[in-house]
2 protein chains.
Amino acid sequence: MEVFIPQMAEQVGQNVTLQGWLNNKRSSGPISFLEIRDGQGFVQAVAAKKDLSETIWAEVEKATQESSVIISGVVAKHPKREGVYELQVTDFKIIQLAHDYPIAKKDHGPDFLMDHRHLWLRSRRQWAILRIRDAIKTAIHAYLHQEKFISVDSPIFTPNACEGATTLFKIPYFDLGDAYLSQSGQLYIEAAIASVGRCYDFGPVFRAEKSKTKRHLTEFWMMDAEGAFMDHEANLKNQEGLVRAIIRHCLANCQAELAILERNIDNLKKADAPFTRYTYTEAIKKLHELGSDIKFGEDLGNDDEGLLTKDSAVPIFIEKWPKSIKPFYMKRDPNNPDLVLNDDLIATEGGGEIIGGSEREDDFDLLSEKIAAEGLLGEEYQWYLDLRRYGAVPHSGFGIGLERVVRWISGTEHIRECIPFPRTIGRLRP
Amino acid sequence: MEVFIPQMAEQVGQNVTLQGWLNNKRSSGPISFLEIRDGQGFVQAVAAKKDLSETIWAEVEKATQESSVIISGVVAKHPKREGVYELQVTDFKIIQLAHDYPIAKKDHGPDFLMDHRHLWLRSRRQWAILRIRDAIKTAIHAYLHQEKFISVDSPIFTPNACEGATTLFKIPYFDLGDAYLSQSGQLYIEAAIASVGRCYDFGPVFRAEKSKTKRHLTEFWMMDAEGAFMDHEANLKNQEGLVRAIIRHCLANCQAELAILERNIDNLKKADAPFTRYTYTEAIKKLHELGSDIKFGEDLGNDDEGLLTKDSAVPIFIEKWPKSIKPFYMKRDPNNPDLVLNDDLIATEGGGEIIGGSEREDDFDLLSEKIAAEGLLGEEYQWYLDLRRYGAVPHSGFGIGLERVVRWISGTEHIRECIPFPRTIGRLRP
């Protein structure tokens, strides 16, 4: 019977067949310990020379790391480890024999590994991160649908910039001049809420980002959600609901993966509790107390985010920032016109900013003024202003950076491991 | 109590509040019939002058199409139509009064509507298509996860072309030369199967497509699935399972939407039955019988696809095409080296090709020869050849064009209505 490795638990004493790859092999004379992976999991198979024909034992001896194999055997409980199963090999066949697999057990530098990303993905660590990424995406789709958001895809080719033009990729577009690759679909899903009420996009966005940091990519995945008749307060509630749903989904579905990554599960569990809120003003005060020399009116750097969250078990909202450092579309705070009704959400354990959101300016005149004041091309924003001409409603939304969430949940240091094929200023291959 | 329109069925006799837009208004002296939409549905509200204060009635009289409104009233069953509910208005407030909404009830040309796509999305038809698109995406994610596929995102920026370079968008990429926008993530998810076994990508892809047809966009959504240890037969089974899951999901969840679009539900129900299979050779023979002058070795045109499926209640697979007209990565048919183990799936009712799939060439030597024979740059494909050097396995996959499926399921003539913000050779806005 053909099974996937996770199904072996239900087949103790039965003979099953696995199809996969030889992840590792240790031999001890007439016994060979074969670590097999099949995409769904990892298992140890024990091949004993005395139980196998000469032909099959020769095949076991010949098999190299990363050879593809079909292997049959009897499922047994691991003698010592609860919930772990083994395969007592009865048959073994190599499909394709791999020679000189370039990624050995020795340490490789990051450039070597990135050059071999198409193979590096096979490592336990990368397998675990890929699966956590998928789990996070699944949790996001599920939570948003539960809250009556539907997916509405925003375009990648856009004629204008959502947030400044300095980091835009520009591309000639037939006879229509230049197109820019989208940095955010927000303006587009703002249009769609007047049709479907609540919606989100979720796909790649692009920044011609010259930063070489552990948190920057030129191509990354962003989910933007937008809801009609949702104010700043509802927006925060929704963001918190989403992040806590992600944590719970991963804890429930990615135990093996989190164990491989040696992620501190307790810290994740603790983060699933009401989030802390600071106003920007409070955050600056707090940072000063903690020794930061940040000035009121400045954006928070990595160090500030780390300082602010280092003793917090839960993510921290920083809300109501100075309007001078925030984009034109954010709604001004009715209680203080120098501030806007926005928030950043800072993850725990050095995870940094994972969400940025705001209530949107829904007043036609105020929005027009802001567009003009920022020197944006008025005609490019007429369609966006139409949304305030015809049936404007209070509305809010936020964007969540997928790789940053993957980085945080998986406890990975560098963001390049949080996307299958990372693209940075210095990397376009493989 | 604030509710969404679909929840009104549970609130008969209760006073509820809706937040939404005035879709339409008909007045008959002291009675006003207000068609309200809230993103989740549409409902008729009946405002009677005699039941309302002067202020509220004045507000009702003032309200224009597309004004945003908050409206309260008592839920009543429609006197004649089963399952339909109305609101007997007790309160009515305009949030923002819309003046001169540009899309009137009169017929507009497609260019006018496309120029106003950000508003046109609000129409009943476009609302229905947006929701069906979301339902199809949800069905795809659910079916694939059920079959143990996980999402692995392929990159958009790529150094090489998957299927020929004539329709590629090229973009300067820092100091690394040119990048090309991906036309398909297939090669990348082929790499990932050796890690996760079965996976899919699902996102935008790009073709610098100069065709102006009802079926072409420059930016569209594609889902590519790939499975290790899946042969051609398993591949077809998987494609059929997915398409039938999509049909069932939409029939179960999009009744209102399909009704708005006047989609023939019976035809969709009938398509959820075992699909027909022709070999390419059989298809050509059949086409000749039907009067086509297609020659063996040619690709099928729209007309041929229509001819072949016109009397079929179910989609039709056409498998095992001449290798001369198919890409290098398709596995040759062991029974006939001039053919490949591939398939196209043609939808019913003029839906055209919605899927293309194949078993992949897993033999290093044969694949190397094909790459060389097609004049592709060998060095760009070394990483792809690595997948045959280290643990090659029989594997197959397919790509499904989201907009084409949306077009088919929703019964929409033109593909530009099947994506929220279409991009074509002549359109980059809004």
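Mentor: Two strands pair if DSSP finds at least two bridges between them. Keep that in mind as we look at this predicted model.

Trainee: Thanks! In which order do the eight strands of the open sheet in chain B run?

Mentor: The order is S6-S10-S11-S18-S17-S16-S13-S12 in chain B, with mixed pairing. Strand S6 (150-151) and strand S12 (276-279) of chain B are the edge strands, each pairing on one side only.

Trainee: And in which sense do strand S16 and strand S17 of chain B pair?

Mentor: Antiparallel: S16 (residues 342-347) and S17 (residues 352-359) of chain B are joined over six bridges. Within this part of the sheet, Asp344(B) has Gly356(B), in S17(B), as its bridge partner.

Trainee: Which strands does helix H6 of chain B lie across?

Mentor: Helix H6 (residues 232-253) of chain B crosses S11, S12, S13, S16, S17 and S18 of chain B, at about 30° to S18(B). Helix H13 (residues 402-410) of chain B also packs on the sheet, and its direction makes about 60° with that of S18(B).

Trainee: Now the interior. How many residues has the largest nonpolar core?

Mentor: It has 89 residues, and Tyr384(A) and Ile136(B) are among those with the most contacts inside it. Helix H4 (residues 124-146) of chain B gives the most to this core, 11 residues.

Trainee: Last one: how are the two chains related?

Mentor: In general, two copies of a chain are related by a rotation about an axis and a shift along it. Here a turn of 180° and a shift of 0.0 Å along the axis lay chain B on chain A with an RMSD of 0.0 Å. The two copies are therefore related as by a two-fold rotation axis.

Definitions and conventions
Residues numbered from 1 in each chain as written. Chains lettered and ligands numbered in written order. Predicted model: local features only at pLDDT ≥ 70, side-chain atom pairs only at ≥ 80, totals over all residues. Heavy atoms only, no water. Least-squares fit on C-alpha atoms with pLDDT ≥ 70 in both. Core = buried A, V, L, I, M, F, W, Y, C linked by side-chain atoms within 4.5 Å. Buried < 20%, exposed > 50% of the residue type's maximum accessible area, 1.4 Å probe, protein only. Helix = DSSP H or I, 4+ residues; strand = E, 2+ residues; numbered from the N terminus. Contact = heavy atoms within 4.5 Å. Axes fitted to C-alpha atoms, helices over the stretch in contact; angles between N-to-C directions.
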